[in-house]
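Trainee: Hey, got a minute to walk me through this one? I'm new to it.
Mentor: Sure, let's bring it up and start with a single residue.

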Amino acid sequence: MTITLTWPPEANSARAIAARIRAAGGEAWLIGGCVRDLCLSQAPKDFDVATSLRPDELTSLFPRANEVGKSFGVLRVRTNSGEIEVASFRRDGPYSDGRRPDYIEFTSLEEDIKRRDFTINALAADPETGRVVDLVNGLDDLAAGIVRAVGEAEQRFIEDKLRLIRAVR
(Lines give C-alpha, C1' and ligand atoms only; values in the text may rest on other atoms or scores of the structure.)
Protein backbone atom coordinates (compact mmCIF):
# COMPACT_ATOMS: atom_id res chain seq x y z
CA MET A 1 0.00 0.00 0.00
CA THR A 2 1.35 3.44 -0.90
CA ILE A 3 0.23 6.63 0.82
CA THR A 4 1.34 10.21 0.38
CA LEU A 5 0.33 12.61 3.14
CA THR A 6 -0.71 16.21 2.78
CA TRP A 7 0.91 18.19 5.58
CA PRO A 8 -1.34 20.37 7.75
CA PRO A 9 -0.01 23.75 8.94
CA GLU A 10 0.63 22.22 12.38
CA ALA A 11 3.44 20.15 10.82
CA ASN A 12 5.38 23.23 9.70
CA SER A 13 7.68 23.42 12.74
CA ALA A 14 8.64 19.74 12.49
CA ARG A 15 9.13 20.05 8.74
CA ALA A 16 11.34 23.13 9.26
CA ILE A 17 13.49 21.17 11.74
CA ALA A 18 13.74 18.30 9.25
CA ALA A 19 14.71 20.73 6.47
CA ARG A 20 17.46 22.19 8.64
CA ILE A 21 18.78 18.69 9.39
CA ARG A 22 18.72 17.78 5.71
CA ALA A 23 20.49 21.02 4.78
CA ALA A 24 23.25 19.97 7.21
CA GLY A 25 23.61 16.65 5.37
CA GLY A 26 21.49 14.42 7.59
CA GLU A 27 18.49 12.24 6.91
CA ALA A 28 15.28 13.39 8.58
CA TRP A 29 11.80 11.86 8.66
CA LEU A 30 8.59 12.61 10.50
CA ILE A 31 7.85 9.43 12.40
CA GLY A 32 5.52 7.63 14.75
CA GLY A 33 2.14 8.73 16.00
CA CYS A 34 1.94 11.87 13.88
CA VAL A 35 2.23 9.79 10.70
CA ARG A 36 -0.25 7.23 12.03
CA ASP A 37 -2.77 9.94 12.92
CA LEU A 38 -2.47 11.68 9.55
CA CYS A 39 -2.94 8.34 7.77
CA LEU A 40 -6.19 8.04 9.76
CA SER A 41 -7.18 11.63 8.81
CA GLN A 42 -6.86 12.66 12.46
CA ALA A 43 -5.08 15.68 13.89
CA PRO A 44 -1.77 14.63 15.50
CA LYS A 45 -1.20 15.54 19.14
CA ASP A 46 2.48 16.19 18.41
CA PHE A 47 5.15 15.70 15.76
CA ASP A 48 8.39 13.75 16.06
CA VAL A 49 11.46 13.77 13.83
CA ALA A 50 13.92 10.88 13.43
CA THR A 51 17.36 11.59 12.01
CA SER A 52 20.73 10.15 11.08
CA LEU A 53 22.47 13.00 12.93
CA ARG A 54 23.80 12.22 16.38
CA PRO A 55 22.94 14.25 19.50
CA ASP A 56 26.11 16.37 19.43
CA GLU A 57 25.46 17.27 15.80
CA LEU A 58 21.88 18.16 16.70
CA THR A 59 22.93 20.40 19.58
CA SER A 60 25.21 22.25 17.15
CA LEU A 61 22.23 22.85 14.87
CA PHE A 62 19.78 23.55 17.71
CA PRO A 63 21.83 25.01 20.60
CA ARG A 64 18.75 25.85 22.68
CA ALA A 65 17.40 22.28 22.53
CA ASN A 66 16.31 20.58 25.73
CA GLU A 67 18.85 17.75 26.20
CA VAL A 68 16.85 15.76 28.75
CA GLY A 69 16.99 12.51 26.68
CA LYS A 70 20.39 13.07 25.06
CA SER A 71 21.87 9.83 26.46
CA PHE A 72 19.15 7.97 24.52
CA GLY A 73 19.71 10.05 21.37
CA VAL A 74 16.69 12.30 21.99
CA LEU A 75 16.49 16.10 22.12
CA ARG A 76 13.49 18.38 22.35
CA VAL A 77 13.83 21.33 19.98
CA ARG A 78 11.95 24.46 21.02
CA THR A 79 9.76 26.14 18.42
CA ASN A 80 7.19 28.92 18.50
CA SER A 81 4.48 26.29 18.82
CA GLY A 82 6.12 24.16 21.54
CA GLU A 83 8.75 21.44 21.48
CA ILE A 84 9.44 18.85 18.79
CA GLU A 85 11.13 15.61 19.81
CA VAL A 86 14.12 14.87 17.56
CA ALA A 87 15.65 11.41 17.94
CA SER A 88 18.73 9.92 16.36
CA PHE A 89 18.18 6.62 14.54
CA ARG A 90 19.09 3.93 17.04
CA ARG A 91 19.07 0.31 18.06
CA ASP A 92 18.44 -0.40 21.74
CA GLY A 93 20.54 -2.64 23.95
CA PRO A 94 18.93 -4.85 26.61
CA TYR A 95 16.35 -3.38 28.99
CA SER A 96 17.41 -4.65 32.42
CA ASP A 97 14.98 -2.33 34.27
CA GLY A 98 11.93 -3.11 32.08
CA ARG A 99 11.64 0.51 30.98
CA ARG A 100 14.79 1.96 29.35
CA PRO A 101 17.61 0.39 27.34
CA ASP A 102 20.94 -0.08 29.11
CA TYR A 103 22.64 1.46 26.07
CA ILE A 104 21.91 2.47 22.50
CA GLU A 105 23.76 2.21 19.20
CA PHE A 106 23.27 4.74 16.42
CA THR A 107 22.01 3.09 13.24
CA SER A 108 19.77 3.63 10.21
CA LEU A 109 16.10 4.41 9.69
CA GLU A 110 15.46 0.73 8.98
CA GLU A 111 17.05 -0.40 12.27
CA ASP A 112 15.27 2.38 14.19
CA ILE A 113 11.92 1.20 12.86
CA LYS A 114 12.64 -2.39 13.95
CA ARG A 115 13.03 -1.30 17.62
CA ARG A 116 9.71 0.56 17.79
CA ASP A 117 6.72 -0.71 19.74
CA PHE A 118 3.82 -1.18 17.30
CA THR A 119 3.66 -1.37 13.52
CA ILE A 120 1.18 1.52 13.39
CA ASN A 121 3.71 3.68 15.29
CA ALA A 122 6.63 2.63 13.08
CA LEU A 123 5.58 4.62 10.02
CA ALA A 124 7.88 7.33 8.66
CA ALA A 125 7.05 10.10 6.21
CA ASP A 126 9.22 12.26 4.01
CA PRO A 127 8.81 15.81 5.35
CA GLU A 128 9.02 17.27 1.84
CA THR A 129 6.91 14.92 -0.27
CA GLY A 130 4.69 13.29 2.37
CA ARG A 131 5.56 9.82 1.02
CA VAL A 132 5.00 7.25 3.78
CA VAL A 133 7.64 4.59 4.36
CA ASP A 134 6.20 1.40 5.85
CA LEU A 135 8.73 -1.36 6.49
CA VAL A 136 6.60 -3.37 8.96
CA ASN A 137 3.10 -3.44 7.37
CA GLY A 138 1.76 -0.74 9.65
CA LEU A 139 -0.52 0.64 6.93
CA ASP A 140 -2.19 -2.76 6.51
CA ASP A 141 -2.63 -3.00 10.28
CA LEU A 142 -4.12 0.51 10.38
CA ALA A 143 -6.60 -0.43 7.65
CA ALA A 144 -7.53 -3.62 9.52
CA GLY A 145 -7.76 -1.92 12.92
CA ILE A 146 -5.01 -4.12 14.37
CA VAL A 147 -2.45 -3.14 17.00
CA ARG A 148 0.53 -5.44 16.39
CA ALA A 149 4.00 -5.36 17.93
CA VAL A 150 7.01 -4.83 15.72
CA GLY A 151 8.85 -8.16 15.76
CA GLU A 152 8.22 -10.50 18.68
CA ALA A 153 5.45 -9.13 20.93
CA GLU A 154 6.77 -10.82 24.06
CA GLN A 155 10.20 -9.23 23.54
CA ARG A 156 8.70 -5.75 22.97
CA PHE A 157 6.71 -6.01 26.23
CA ILE A 158 9.65 -7.39 28.24
CA GLU A 159 11.76 -4.46 27.05
CA ASP A 160 9.31 -1.80 28.15
CA LYS A 161 6.34 -2.73 30.31
CA LEU A 162 4.57 0.56 29.56
CA ARG A 163 3.99 -0.76 26.05
CA LEU A 164 1.21 -2.95 27.46
CA ILE A 165 -0.64 0.20 28.57
CA ARG A 166 0.08 1.91 25.23
CA ALA A 167 -1.38 -1.11 23.40
CA VAL A 168 -4.67 -0.76 25.28
CA ARG A 169 -4.75 3.01 24.91
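**Starting from Ala167**

Mentor: Leaving aside neighbours within four places in sequence, Ala167 is in contact with Phe118 and Val147. Keep in mind that this is a predicted model.

Trainee: Okay, so what's the place of Ala167?

Mentor: Ala167 belongs to helix α7, which covers residues 162-168.

Trainee: And is Ala167 buried, exposed or partly exposed?

Mentor: Its relative accessible area is 26%, so Ala167 counts as partly exposed. The cut-off for buried is under 20%.

Trainee: How far apart are Ala167 and Val74?

Mentor: In space, 23 Å from C-alpha to C-alpha, and in sequence they're 93 residues apart.

Trainee: Back to Phe118 then. How many aromatic pairs does a search of the whole structure find?

Mentor: The search turns up one. Phe118 pairs with Phe157, with 6.2 Å centre to centre and 50 degrees between the planes, which makes the pair tilted. It links distant parts of the chain: Phe118 is in the loop between α4 (109-114) and β8 (124-125), while Phe157 sits in helix α6 (residues 153-159), 39 residues apart.

Trainee: Why does Phe118 count as buried?

Mentor: Because its relative accessible area is 3%, and anything under 20% is buried. Phe157 has 23%, so Phe157 is partly exposed.

Trainee: Switching to pockets. What lines the second largest pocket?

Mentor: Our two friends Phe118 and Ala167 are in that lining, along with Arg36, Ile120, Asn121, Val147, Arg166 and Arg169. The lining splits into four nonpolar, one polar and three charged residues, and the pocket holds about 200 Å³ of space.

Trainee: What volume does the largest pocket have?

Mentor: About 1200 Å³. Of the 35 residues lining the largest pocket, Asp48, Glu85, Arg99, Arg116 and Arg166 are the closest to its centre. By type, the lining has 18 charged, 12 nonpolar and five polar residues. Elements that each supply at least two residues of that lining include α2, β2 (48-51) and α7.

Trainee: Last topic: which residues touch the most other members in the largest nonpolar core?

Mentor: Ile21, Leu30 and Val35, out of 31 residues in that core. Among the elements that each supply at least two residues of this core are α1 (12-23), β1 (28-31) and α5 (138-144).

Trainee: Is there a second one, and what does it include?

Mentor: There's a separate core of 11 residues, including Ala122, Ala124, Val133 and Val150.

Trainee: And what does Ile21 touch?

Mentor: Not counting residues up to four places away in sequence, Ile21 touches, among others, Val49, Leu53, Leu58, Phe62 and Val86.

Notes
Residues are numbered from 1 along each chain as its sequence is written. This is a predicted model: local features need pLDDT of at least 70, side-chain atom pairs count only at pLDDT 80 or more; totals for chains, interfaces and linings use all residues. Side-chain values use heavy atoms; hydrogens and water are left out. A nonpolar core is a set of buried Ala, Val, Leu, Ile, Met, Phe, Trp, Tyr and Cys residues joined through side-chain atoms within 4.5 Å. Buried means under 20% relative accessible area, exposed over 50%, partly exposed in between (1.4 Å probe, protein chains only). Helices (H or I, at least four residues) and strands (E, at least two) are DSSP runs, numbered from the N terminus. Contact means heavy atoms within 4.5 Å. On a 1 Å grid over the protein atoms alone, a cavity is a set of points where a 1.4 Å probe fits but cannot get out, and a pocket is an open set with protein on both sides within 12 Å along at least five of seven lines; lining residues have an atom within 4 Å of a point. Grid points are joined across faces, edges and corners, and a volume is the space filled by probe spheres set on the points. Ala, Val, Leu, Ile, Met, Phe, Trp, Tyr, Cys and Pro count as nonpolar, Asp, Glu, Lys and Arg as charged, and the others, Gly among them, as polar. Rings of Phe, Tyr and Trp (its six-membered ring) pair if their centres lie within 6.5 Å; planes under 30 degrees apart count as stacked, over 60 as edge-to-face and the rest as tilted.
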